[in-house]
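This briefing is meant to be read beside the sequence and the three-dimensional view. Please keep both open while going through the points.

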Amino acid sequence: MLYANFGYYKETYKGTLPEDSFDSLILKASREIDKNVNTRLTEIKINNLPKEAQEQLQYTACALIDLINKKEESANRKLASFSIDGVSKSFKVLSDEDYKKSKKEIVSCLPDELTCFL
C-alpha cells in the first residue's frame, strides 16, 4: 500500500517533485515505513488510526520521498566540485551517514499508534 498520494504531496506537504518522480519514489518510501513498523499497513489498519495519525503517516511518507530523492540525486553526481578560471562550484553530496541520520529522524515522526506493530 502507498501511504501518500500526489495530491497530498503537492497541496498539503508542499513538495516540489513532478508527479512522475513522486510515483517512482512513493513505493520506496512506503516500503521504508513498512520496514520500520515491521508490517505492511493495510487500508483497514490505516483507517482504524486516528485522523491525526493518518496525517502523520502521510507526512512521513512525503518527507522520506524528498530524502530518497536527495540521496539518489547525490549518488548520480559524478563531480562534487569544479573550478574554471577562478570560479568554483561545489555540490553538496549527501553521505550515507547523513542519509541514515536524516532517515532515522524522519521515521521517528511516525505516529505512536504504529508502535503496536513493533
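What follows goes from the overall fold to one helix, one glutamate and one pocket.

The model is predicted, and its protein chain contains five helices and two strands, which succeed one another along the sequence in the pattern α-α-α-α-β-β-α. Of the 118 residues in the protein chain, 36% count as buried. When contacts between residues at least 6 apart in sequence are taken together, 71% of them join residues at least 24 apart.

**Helix α5**

- Helix α5 comprises the 12 residues 96–107, and from its first C-alpha to its last it reaches 16 Å, which is close to the 16 Å expected at 1.5 Å a residue.
- The buried residues in α5 are Tyr99, Lys103, Ile106 and Val107, and because these fall within an arc of 90° when seen down the helix axis, they line one face of the helix.
- On the face of α5 turned away from that buried side, the exposed residues are Glu97, Lys101 and Lys104.

**Glutamate 32**

- Glutamate 32 belongs to helix α2, which covers residues 19–37.
- With a relative accessible area of 10%, glutamate 32 falls under the 20% limit and therefore counts as buried.
- Once its neighbours within four places in sequence are left aside, glutamate 32 is in contact with Leu64 and Lys103, and Lys103 is itself one of the buried residues of α5.
- A further link to the end of α5 can be read from the backbone, where the C-alpha atoms of glutamate 32 and valine 107 are separated by 8.7 Å although the two residues stand 75 residues apart along the chain; Val107, like Lys103, is listed among the buried residues of α5.

**The largest pocket**

- The largest pocket has a volume of about 160 Å³.
- Its lining includes Met1, Leu2, Tyr3, Ala4 and Asn5 from the start of the numbering, together with Glu43, Ile46, Asn47, Gln54, Leu57 and Gln58.
- The elements that give two or more residues to this lining are α3, spanning 43–47, and α4, spanning 51–76.
- By residue class, the lining of the largest pocket divides into six nonpolar, four polar and one charged residue, and the charged one is Glu43.

Methods: Residues are numbered from 1 along each chain as its sequence is written. This is a predicted model: local features need pLDDT of at least 70, side-chain atom pairs count only at pLDDT 80 or more; totals for chains, interfaces and linings use all residues. Side-chain values use heavy atoms; hydrogens and water are left out. On a 1 Å grid over the protein atoms alone, a cavity is a set of points where a 1.4 Å probe fits but cannot get out, and a pocket is an open set with protein on both sides within 12 Å along at least five of seven lines; lining residues have an atom within 4 Å of a point. Grid points are joined across faces, edges and corners, and a volume is the space filled by probe spheres set on the points. Helices (H or I, at least four residues) and strands (E, at least two) are DSSP runs, numbered from the N terminus. The expected span of a helix is 1.5 Å times one less than its number of residues. Buried means under 20% relative accessible area, exposed over 50%, partly exposed in between (1.4 Å probe, protein chains only). The arc is that of the directions from the helix axis to the C-beta atoms. Contact means heavy atoms within 4.5 Å.
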